Amino acid sequence: MAWILVIVAGLFEVAMALCLKGSKGFTQPLESVGFLVFAAASFGLLTVALKHLEVGTAYAVWVGIGAVGTAVLGMLFMGDEVSATRVVALAFIVLGVVGLNLAGGGH
């Protein structure tokens, strides 16, 4: 159950980052409120999950989901640059997170 919370928290982190971009420096009210709601939800779920998981691995998974998810959605829908180098770098993030879990960092 704790890992499900980390995954959902990571997805909320993606939403948070997209709202942050859309807030245009907190000048757009809806996106600014969205940022705050998703940030609180993401950190809240991560906090609950950390009661049962190792902090390093759980945090790496959370950050990895946020980073990869945000980068992929940025490339697909927000005009962010797409290149082989970026895709390979994102794959390395995923491999690093998987490696941490395989090394016994999850419970």
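The buried residues of helix H1 are covered by, among others, helices H2 and H3. In this predicted model, the buried set of H1 consists of Ala 2, Leu 5, Val 6, Ala 9, Gly 10, Glu 13, Val 14, Ala 15, Met 16 and Cys 19. Helix H1 itself has 21 residues, and the distance from its first C-alpha to its last is 30 Å, close to the 30 Å expected at 1.5 Å a residue. Just after H1, Lys 24 adopts a positive phi of about 50 degrees.

Met 16 offers a good place to look at H1 in detail. This residue lies in H1 and counts as buried because its relative accessible area is 13%, which is under the 20% cut-off. Setting aside neighbours within four places in sequence, Met 16 touches Phe 35, Phe 38 and Ala 39. Two of the residues on that list, Phe 35 and Ala 39, also belong to the buried residues of H2. A further distance helps to place Met 16: from C-alpha to C-alpha, Glu 31 is 9.0 Å away in space, with the two positions 15 residues apart in sequence numbering.

Helix H2 comes next. Its 21 residues, 29-49, should span 30 Å at 1.5 Å a residue, and the end C-alpha atoms are indeed 30 Å apart, so the two values agree. Buried along H2 are Ser 32, Gly 34, Phe 35, Ala 39, Ser 42, Leu 46 and Ala 49. These residues lie on the same side of H2, because the arc they cover around the axis is only 155 degrees. Such a pattern can be read with the helical repeat in mind: an α-helix has 3.6 residues a turn, so residues three or four places apart point the same way. The other side of H2 carries the exposed residues Pro 29, Leu 30, Leu 36 and Ala 40. The packing partners of the buried residues of H2 are helix H1 (2-22) and helix H3 (55-77).

The contribution of these helices can also be seen in the largest nonpolar core, a group of 11 residues made up of Ala 2, Leu 5, Val 6, Ala 9, Leu 46, Ala 49, Leu 53, Ala 58, Val 61, Trp 62 and Val 97. Two or more residues of this core come from each of H1, H2 and H3. The greatest share is that of H1, which supplies four residues.

Helix H4 covers residues 84-105 and includes Leu 90. With a relative accessibility of 13%, Leu 90 is classed as buried, the cut-off being under 20%. Beyond its neighbours within four places in sequence, Leu 90 makes contact with Ala 67, Val 68, Ala 71, Val 72 and Met 75. By contrast with these contacts, the C-alpha atoms of Leu 90 and Cys 19 are 21 Å apart in space, and the two residues are 71 apart in sequence.

Taken as a whole, the chain has four helices and zero strands, in the order α-α-α-α from the N terminus on. Its C-alpha trace spans about 45 × 35 × 15 Å along the principal axes. Of the 107 residues in the chain, 32% are buried. Among contacts between residues at least 6 apart in sequence, 67% link residues at least 24 apart. The chain exposes about 6400 Å², and 76% of this area is supplied by carbon and sulfur atoms.

Technical notes
Residues are numbered from 1 along each chain as its sequence is written. This is a predicted model: local features need pLDDT of at least 70, side-chain atom pairs count only at pLDDT 80 or more; totals for chains, interfaces and linings use all residues. Side-chain values use heavy atoms; hydrogens and water are left out. The expected span of a helix is 1.5 Å times one less than its number of residues. Buried means under 20% relative accessible area, exposed over 50%, partly exposed in between (1.4 Å probe, protein chains only). The arc is that of the directions from the helix axis to the C-beta atoms. Contact means heavy atoms within 4.5 Å. A nonpolar core is a set of buried Ala, Val, Leu, Ile, Met, Phe, Trp, Tyr and Cys residues joined through side-chain atoms within 4.5 Å. Accessible areas come from the Shrake-Rupley method with a 1.4 Å probe; for residues, only the protein chains shown count as cover.
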